Amino acid sequence: MRELTVRIKFTKHSLGSVKQAKTGRFILPRNPSGAVLFLATWHNSNMRFASQVLNKHQDEVGKILWDIAVDAVVDRDSWYRRYYALPGPSRQRYVLHESFVPGQIIGINCVVPNAITEEDLWRLMQLAGQYKGLSPARPGEFGQFEVVSIRPRRAHASDGTDVQEQEVGKAKSPSSLAT
């Protein structure tokens, strides 16, 4: 098992689903300290789907452990206006969702079994992002993403410094994973 950080870049808005009573706006789910949360069940569902498409690691993806707090900061001007139709003569309304915007990069921490290589994890996450996405509101319709990098989260070097601190900017891409 190894602890990794997967950096993803959204290609479509990822919408909040927690309705604020006073304003009626939908915000992203958060823990008490204010970190945005993506539930492990969302990742598990995506990985199960991707492993079936890839026809690889169907049993192992269920053993991946996901940190529900994501490494991200929500921009102040990240409100997305989602329109919907009311029954009746073509009446349209909208709701505001706090969101991660297209192009925004976030980090997801996970513990991955050794049976899943970093290259395979890249493929699994890429398939999940392309077809399913990560969005608390309207999953599958919003929240599509692509993988930017996969890095070790905590792998201590012999001098006691964090490897991630030593390799800032040296993210692994699919081509570098094969070497």
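**Exercise 1. Is Asp120 buried, partly exposed or exposed, judged by its relative accessibility?**

*Solution.* The structure is a predicted model, and every value below is computed from that model. The step of reasoning needs a cut-off, and buried means under 20% relative accessible area. Asp120 has a relative accessibility of 5%, and therefore it counts as buried.

**Exercise 2. Find the salt bridges that Asp120 makes, and describe the partners.**

*Solution.* Begin with Lys56, whose side chain meets that of Asp120 in a salt bridge, at 3.3 Å from N to O. This pair links distant parts of the chain, since Lys56 is in the loop between α1 and β5 while Asp120 is in helix α2, 64 residues apart. Lys56 counts as partly exposed, because its relative accessibility is 35%.

Next take Arg123, whose side chain forms a salt bridge with that of Asp120 at 3.4 Å, again from N to O. Here both residues belong to helix α2 and lie three residues apart, which is about one turn of the helix. An α-helix has 3.6 residues a turn, so residues three or four places apart point the same way. Arg123 is partly exposed, with a relative accessibility of 37%.

Finally, put the pairs together: salt bridges that share partners join Lys56, Glu119, Asp120 and Arg123 into one network.

**Exercise 3. Check the length of helix α2, and list which of its residues are buried.**

*Solution.* Helix α2 covers residues 118–131, and it has 14 residues. At 1.5 Å a residue the helix should span 20 Å, and because its end C-alpha atoms are 20 Å apart, the two values agree. The buried residues of α2 are Glu118, Asp120, Leu121, Trp122, Leu124, Met125, Leu127, Ala128 and Gly129. After the helix comes Gly133, which has a positive phi, near 80°.

**Exercise 4. Work out how the strands of the open sheet are ordered and paired, and where helix α2 lies on them.**

*Solution.* Start with the order, which is β5-β8-β1-β9 for the four strands, with antiparallel pairing. The edge strands are β5 (65–66) and β9 (145–152), each of which pairs on one side only. As background, strands of a sheet pair through backbone hydrogen bonds, either parallel or antiparallel.

Then go through the neighbouring pairs, each with an example of residues that stand opposite one another:

- β5 and β8 (residues 105–112) are antiparallel and share two bridges, and Leu65 stands opposite Val111 in β8.
- β1 and β8 run antiparallel and are joined by eight bridges, with Ile108 in β8 as the bridge partner of Val6.
- β1 and β9 are antiparallel and pair over seven bridges, with Ser149 in β9 as the bridge partner of Arg7.

The last step is to place the helix: α2 lies across β1 (2–10), β5, β8 and β9, and it runs at about 155° to β9.

**Exercise 5. Describe the surroundings of Asn46, and say whether this residue is buried or exposed.**

*Solution.* Asn46 has its place in helix α1 (residues 40–54). Its relative accessibility is 7%, and therefore Asn46 counts as buried. If neighbours within four places in sequence are left aside, Asn46 is in contact with Ala128, Lys132, Gly133 and Leu134. One of these, Gly133, offers its backbone oxygen, which the side chain of Asn46 reaches at 3.0 Å. Ala128 has already appeared in this text, as one of the buried residues of α2.

**Exercise 6. Compare how accessible the two partners in the salt bridge between Arg30 and Glu98 are, and place each of them in the chain.**

*Solution.* A search of the whole structure finds eight salt bridges, and among them is the one between the side chains of Arg30 and Glu98, at 2.9 Å from N to O. Arg30 lies in the loop between β4 (26–27) and α1, whereas Glu98 lies in strand β7 (residues 91–100), so that the pair, 68 residues apart, links distant parts of the chain. Arg30 is partly exposed, because its relative accessible area is 33%, while Glu98 is buried, with a relative accessible area of 10%.

**Exercise 7. How many helices and strands does the protein chain contain, and in what pattern do they follow one another?**

*Solution.* The chain contains four helices and nine strands, and along the sequence the pattern reads β-β-β-β-α-β-β-β-β-α-β-α-α. Of its 179 residues, 38% count as buried. Among the contacts with a separation of 6 or more, 70% are between residues 24 or more positions apart.

Conventions. Residues are numbered from 1 along each chain as its sequence is written. Side-chain values use heavy atoms; hydrogens and water are left out. Buried means under 20% relative accessible area, exposed over 50%, partly exposed in between (1.4 Å probe, protein chains only). A polar contact is a pair of N or O atoms within 3.5 Å; within protein, one must be able to donate a hydrogen and the other to accept it, and residues adjacent in sequence count only if both atoms are side-chain atoms. Contact means heavy atoms within 4.5 Å. Two strands pair if DSSP finds at least two bridges between them. Axes are lines fitted to C-alpha atoms, for helices over the stretch in contact, and angles run from 0 to 180 degrees between N-to-C directions. A salt bridge is a side-chain nitrogen of Lys or Arg within 4 Å of a carboxyl oxygen of Asp or Glu. The expected span of a helix is 1.5 Å times one less than its number of residues.
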